[in-house]
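Please take a look at the protein chain shown here. What can a first tour of its fold and side chains tell us?

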Amino acid sequence: ALPNLDAVIMALPLDVQPEYVMKCLKANKHVLSEKPIAPTVDEAAKLLEMYKKDYTHLTWSVAENFRYEPAIIRASEIIQGDNQTTATTTTTTTTTTTTKKIIGDPFLVSLTIRAPFASDNKYL
């Protein structure tokens, strides 16, 4: 562990996240991990129990990701699609059709599926 590092932000696949949360806590580092914290309810309970028993002097926060938020889903659809909309304006003498981008040119798009399996509904 790096001695000058105070905290770690977990951006890992769900199946390895519990292991690395434990490693970071054992290395005396504060942790920010994404929800869900583990692939199963049992693994999440064990991780939480371990934290409460030995590591409450450290901050372990769980962040909500927004990949299922309707606005995020729509943005993803736009980026993956043609990202254009067409508007038609008609006056008494002319009809004008314009095509414009719905959003600007994305310079970074990162879409990650962290749980390749169906989650336990009790855990959601």
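This report walks through the fold, the confidence, the core and a few local details.

## The overall fold

Keep in mind from the start that this is a predicted model. The chain contains 3 helices and 5 strands. If you follow the sequence from start to end, these elements come in the order β-α-β-α-β-α-β-β.

The chain has 124 residues, and 23% of them are buried. Among contacts with a separation of 6 or more, 53% are between residues 24 or more positions apart.

## How confident is the prediction?

The mean pLDDT of the chain is 76, with 65% of the residues reaching 70 or more. Confidence is highest in helix H2, at 94, and lowest in strand E4 (residues 84-90), where the mean is 64. For residues 115-124 the pLDDT is below 50, and this stretch makes 11 contacts in the model beyond near neighbours in sequence.

## The nonpolar core

In soluble globular proteins, nonpolar side chains tend to be buried together. Here, the largest nonpolar core has 15 residues, and the members that touch the most others are Val21, Leu25, Val31 and Trp60. Two elements, H1 and H2, each give two or more residues to this core. The largest share comes from H2, with 4 residues.

Which residues does tryptophan 60 contact, leaving aside its neighbours within four places in sequence? They are Val21, Val31, Ser33, Ile37, Leu47, Leu48 and Tyr51. Tryptophan 60 has a relative accessible area of 11%, so it counts as buried.

## A pair of rings

A pair of aromatic rings is described by the distance of the centres and the angle of the planes. The structure holds 1 such aromatic pair. Its partners are tyrosine 51 and tryptophan 60, whose ring centres lie 5.4 Å apart; their planes are at 65°, so the pair is edge-to-face. Like its partner, which is buried, tyrosine 51 counts as buried, at 13% relative accessibility.

## Lysine 23 and its partners

How many salt bridges does the structure hold? There is 1, and it joins the side chains of lysine 23 and glutamate 19, with 3.2 Å from N to O. These two residues are 4 apart in helix H1, which means that about one helical turn separates them.

Lysine 23 also lies over the face of tyrosine 20, at 4.7 Å from the ring centre. Are the two residues of the salt bridge buried or exposed? Lysine 23 has a relative accessible area of 43% and is partly exposed, and glutamate 19, at 39%, is partly exposed too.

## Two backbone details

Most residues other than glycine have a negative phi, and most peptide bonds are trans. With that in mind, have a look at two places in the backbone.

Asparagine 28 has a positive phi of about 65°, although it is not a glycine. You will find asparagine 28 in the loop between helix H1 (17-26) and strand E2. With a relative accessibility of 45%, asparagine 28 counts as partly exposed.

The second place is the peptide bond from lysine 35 to proline 36, which is cis, with omega near 0°. Proline 36 sits in the loop that runs between strand E2 (30-34) and helix H2 (41-54).

Technical notes: Residues are numbered from 1 along each chain as its sequence is written. This is a predicted model: local features need pLDDT of at least 70, side-chain atom pairs count only at pLDDT 80 or more; totals for chains, interfaces and linings use all residues. Side-chain values use heavy atoms; hydrogens and water are left out. Buried means under 20% relative accessible area, exposed over 50%, partly exposed in between (1.4 Å probe, protein chains only). Rings of Phe, Tyr and Trp (its six-membered ring) pair if their centres lie within 6.5 Å; planes under 30 degrees apart count as stacked, over 60 as edge-to-face and the rest as tilted. A charge sits over a ring if NZ of Lys or CZ of Arg is within 6 Å of the ring centre and within 35 degrees of the ring normal. A salt bridge is a side-chain nitrogen of Lys or Arg within 4 Å of a carboxyl oxygen of Asp or Glu. A nonpolar core is a set of buried Ala, Val, Leu, Ile, Met, Phe, Trp, Tyr and Cys residues joined through side-chain atoms within 4.5 Å. Contact means heavy atoms within 4.5 Å. pLDDT is the predictor's confidence in each residue, from 0 to 100.
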